[in-house]
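Open the model in your viewer and keep the sequence panel beside it. This tour goes from one selection to the next and says what to look for at each stop.

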Amino acid sequence: MVATTRPKIEAGRHPLIKNLSSPESRYRMTVAIPSPSGERLVPASVRGQIVHVSCPDWCVVDHAAADEHHLEDVSHLGKQLSMTAPVGLTGSEDVLVAHVSQWPFSGETHPYLALDATGCGEFSELTKVQALAFADQLVAHAAQLRALAASITD
Ligand SMILES: [Zn+2]
């Protein structure tokens with residue numbers, strides 16, 4: 001969940017701002033003002049000091065809550081996904097753990113797909129092209145797995 005600490009303008013205190021979520025309002029709405037590049041300016045805490053960093057829409061980090069030691073430690077992380085796979089006769093393991101990641105102040109300017117294929121905790125860093133190619137391989141593998149399963153006679 002992303003939380004921003006932008007100063008709030010209370011309805012009624014500013015002549016141009018109306019309380020859109022009040023019962024008398026015809027519509028309830030949330031207003032987001034994205035930048036043209038799909039990023040927003042959010043507060044981040046670095047050694048207890050608040051700085052504002054550009055944060056992509058896919059990032060779920062509360063940068064103000066995560067007090068980093070250095071600006072280079074500020075990273076953007078997207079929502080993580082995984083799949084539970086059976087292991088052995090009774091176990092299971094989260095595999096194909098993936099999220100989008102970016103370390104904008106450490107020299108890496110482009111986001112990448114962080115992928116832990118086996119659930120061991122070690123992530124590979126895939127470019128968009130590599131991630132899409134891997135996803136295509138997964139789709140093909142799933143089709144072969146489905147065909148194998150279908151070949152089992154009852
Ligand atoms: Zn972010």
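Which strand pairs with E6 in the antiparallel sense over three bridges? Select residues 124–126: this is strand E7, and E6 is its partner. For a single pair to click on, take Leu-115 and Ser-124, the latter in E7, which are bridge partners. We will come back to E6 from its other partner.

**The whole chain**

Zoom out. This is a predicted model. Colour it by pLDDT: the average over the protein chain is 82, and 76% of the residues score at least 70. Now colour by secondary structure. You should find one helix and seven strands. Starting at the N terminus, the seven strands come before the helix, in the order β-β-β-β-β-β-β-α. The protein chain has 154 residues, and buried ones make up 6% of them. Of the contacts with a separation of 6 or more, 21% join residues 24 or more positions apart.

**Residues 1–34**

Select residues 1–34. Here pLDDT stays under 50. The model has 22 contacts beyond four places in sequence for this stretch. Hide it if it clutters the view.

**The E1–E2 hairpin**

Select residues 39–46, strand E1, and residues 49–56, strand E2. The two run antiparallel and are joined by eight bridges. Show Glu-39 and look across to E2: Pro-56 stands opposite.

Now go to the turn. Two residues lie between E1 and E2 in this hairpin. Click Arg-47, which sits in the loop between these strands. What is unusual about its backbone, given that most residues other than glycine have a negative phi? Arg-47 is not a glycine, yet its phi is positive, at about 50°. Is Arg-47 buried or exposed? It is exposed, because 10 other C-beta atoms lie within 10 Å, and the cut-off for exposed is 12 or fewer.

**Strand E5 and its partners**

Select residues 91–102, strand E5. Which strands pair with it? Take them in turn.

- E3, residues 76–77, runs antiparallel to E5 and is joined to it by two bridges. Click Leu-77 to find its bridge partner in E5, Ser-101.
- E4, residues 81–87, pairs with E5 in the antiparallel sense over six bridges. Show Leu-81; opposite, in E5, is Ala-98.
- E6, residues 112–116, also pairs with E5 in the antiparallel sense, over five bridges. Two bridge pairs to display are Val-97 with Asp-116 and His-99 with Ala-114.

Stay with E4 and E5 and move to their turn. Three residues lie between the strands of this hairpin. Gly-88 has a positive phi there, near 65°.

Next, click Leu-96, which belongs to strand E5. What is its phi? The value is near 55°, positive in a residue other than glycine. With 17 other C-beta atoms within 10 Å, Leu-96 counts as partly exposed. That number falls between the cut-offs of 12 or fewer for exposed and 20 or more for buried.

**A stop at Thr-84**

Select Thr-84 in strand E4. Which residues does it touch beyond its neighbours within four places in sequence? Thr-84 is in contact with Ser-92 and Asp-94. Thr-84 is exposed, because its C-beta has 11 others within 10 Å.

Set a distance label from Thr-84 to Gly-119. The two are 35 residues apart in sequence, and their C-alpha atoms are 9.6 Å apart in space.

**The helix**

Finish with residues 128–150, helix H1. How many of its 23 residues are buried? The number is zero, so H1 lies largely in the open.

Put a distance label between the C-alpha atoms at its two ends. They are 33 Å apart. At 1.5 Å a residue, the 23 residues of H1 should span 33 Å, so the two values agree.

How values were computed:
Residues numbered from 1 in each chain as written. Predicted model: local features only at pLDDT ≥ 70, side-chain atom pairs only at ≥ 80, totals over all residues. Pairing = 2+ DSSP bridges. Helix = DSSP H or I, 4+ residues; strand = E, 2+ residues; numbered from the N terminus. Contact = placed C-beta atoms within 7 Å. Expected span 1.5 Å × (residues − 1). pLDDT = per-residue confidence, 0-100.
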